[in-house]
Amino acid sequence: MSITSQTRGRLRRYRWLALAATAALLLAACGGGGSDNAADDCEPGETDGDLAFYNWADYMDEELLLAFEEETGISIDYTVYESNEQMLSQVESEAAIYDLVVPSDYMVALMIEEELLLPLNYDALPNVANLDDAWDNPPFDPEHQYHVAYQWGTTGIGMTYDALDAIGGESSWAVIFDADTAAQVPGGISMLDDAPEAVSAALKYLGYSITETIESGNEDAIREAGALLKATNDRLVKYDSVTYGDDLVNGEVDVAHGWSGGFAQAFFETDAYETHVYTIPVEGGVRWVDTMAIPHNADNVCSAHAMIDFLLDAENGAALTNYTYYGSPNEAATPYILDEILEDPGIYPPPDVYERLELIPQMGDLGLIVQDMLTEAKS
Amino acid sequence: MPWLRRVKPEAAQQTAARPDEPAPAAAPQTPAELDTQRRARRTGTLIATPGALYLLIFFMVPLGLITVYSFATRTSTGRTSLSGWNLDSYERIADDVILGIIARSAWLAFLTTVLCLIVAYPFAYYLATRPPRLRARLLVLVMIPFWTNGLVRVFAIRFLLGSNGPASALSEAMGFGTFRILFTPTAVVLGMVYGFLTFMVLPLYVALERMDWRLVEAARDLYASGAKAFWRVTVPLTRSGIVAGCVLVFVPSFGSYVVPEILGGAKTLLIGSYVARQFQAARNWPLGASLSVLIIVAMLVAVAVNQRNSANAERTGAGAP
């Protein structure tokens, strides 16, 4: 008994030695290689250590994580965030080191500008071929070097069919921003507690293009949108970016500004499809895409590539969408996605509706003014 | 915690108030005695070290960092550049919007404090006048809610006040119709009163329990009415508890973040949420930091003034019987 424990103690000591030696070798290899980009040497499916995966809350089917762990033999340290900015501050401050993060479109642009992302090695990502061509070279990463699309969705209005009928059967931002139209809705109204989204919605109602307004630095238009938000504040029951779907099906509100998948999840869980609907207003709305990207200081770059490639697999990509109810950028996954999702115009809008959607660009200095607009609206 | 500290000087006074007893310190001390004293002092320093280190690392250093950040510059991507030191973010606080947020937060915190005092004083009075055994049990009951996660309790209140909740059902049954109280400042104040009530009850209880009830009896003997004895004797004698309770309630409710976010529906912006917003969505750390510094300084000044006043009051007050 004492012998075994002694042996075990010695073995453990040797294991530490072995680990230390490996670490030293690795360090030497990195130092000597002189390669600027650790990703260059990754083979498809190759892993180089446990994966620190930082993703949005409620945005991943755990079965997929387990399958990946089984397939590769590494374990995943999975943590979640609730906003792009939260993720950004973690990556920026190096408070924790992540191998894989999921920034949204505008955040990709900002992180590239701040040199916080590592260029991807497409040789290690054969499944990129599965992506729909529509996702090639988007404005936030024109050379498509730093990101691969993860899921996409839209921002619009979820409401009861009663509310939709009350305003004449056609969804419009007027149900929030026009006092007379809003008065026809019996219940309450909520908006996203998110300044870029709130200002974008107001811009759309006022007839501005979001992209043009931001890119031309049209501060007057943004202030006009801010004044509209302020005039709307008293009409709202609340601002909410988390429970808007549940509040809608619970009857706390009858009209809610929110994200497509959030509504789909709430409707599906409570069987509310008969009474509730997610709509994109006739004036148009916002579309966005969340992407997979590797922070500049990632430890296990090959593992991160392996995970990206794993999620780009047709069946895995479909499993993700079947869980999140957000659109998949993965064209090859289409046959495996549930029909109820593919046929839901709230998730996959028809082409004429899709045309009315815009990406919110990186705002730069206008960002603070946009934030101020929501603050002033709430004062 | 001022109300805890308040206990100590008096305890010290009590020991000091026995000068007639043969005081060992007055006698010439043997070297052995001196050595024991010195060792005790050294042990005292030693056992205080972990606490002091903890405060230094987790309180003083972050506070220093926040102060430094408050003079920094925000870049256009929202990064904080530790250069080009300036007072811009302090100047921005004078903005009407921010002053409005501060005023509203102070008003709601004031309401919360007053309501807490009105609710807690009779309750603490009742507690303090029970027999000791019952008192101990009742005190445990007061503490029980604190064994539950605060966030869970706030969400429970949200359910209670919701338009589908029991409170609304009751008002409907009584013919008042559904009431919309959730996501209003009223709900915020209700939630904060509930959340901080214990901070008011405990110092009041301590003050009332320590009070010399013979003074009230004396007042009644001298023909003071019950109300008069209460206002002229009980209230002044428990002043330290009242002040401590008010400080303990006002300070956290002024900067409260969770309750206004959840029960207020993020619709009326309060200072806690506004500061949090600067560190998150707006990525304007210098502004968030300068607001934090300003709040801390204001609170410190208020507490210091108040402690000096109560110290004066104690010195010039009725004094020892």
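This passage looks at two domains, a contact between chains and one helix. The structure is a predicted model, in which local features need pLDDT of at least 70 and side-chain atom pairs count only at pLDDT 80 or more, while totals for chains, interfaces and linings use all residues. Residues are numbered from 1 along each chain as its sequence is written, and chains are lettered from A in the order in which they are written.

Chain A is a good place to begin. Its domain assignment, automatic or from a database, gives domain 1 (39-152 + 289-340) and domain 2 (154-288 + 350-377). The C-alpha centres of these two domains of chain A lie 28 Å apart. Twelve residues of domain 1 are in contact with eleven of domain 2, contact meaning that C-beta atoms, placed from the backbone, lie within 7 Å.

Chain A also meets chain B, through 27 residues of chain A and 22 residues of chain B. On the chain A side, α17(A) gives the most, with five residues; helices here are DSSP runs (H or I, at least four residues), numbered from the N terminus.

In chain B, helix α4 (residues 96-128) has 33 residues and spans 46 Å from first to last C-alpha, close to the expected 48 Å, which is 1.5 Å times one less than its number of residues. At Ala120(B), α4(B) bends by about 30 degrees, and Pro122(B) follows within four residues; the bend is the angle between axes fitted to the seven residues ending there and the seven starting there. Ala120(B) is also among the buried residues of α4(B), as is Tyr121(B), where buried means 20 or more other C-beta atoms within 10 Å of a residue's own, placed from the backbone. The cover over these buried residues includes α5 (132-143) and α8 (185-210) of chain B.

Note on methods. Helix = DSSP H or I, 4+ residues; strand = E, 2+ residues; numbered from the N terminus. Buried ≥ 20, exposed ≤ 12 C-beta atoms within 10 Å, placed from the backbone. Contact = placed C-beta atoms within 7 Å.
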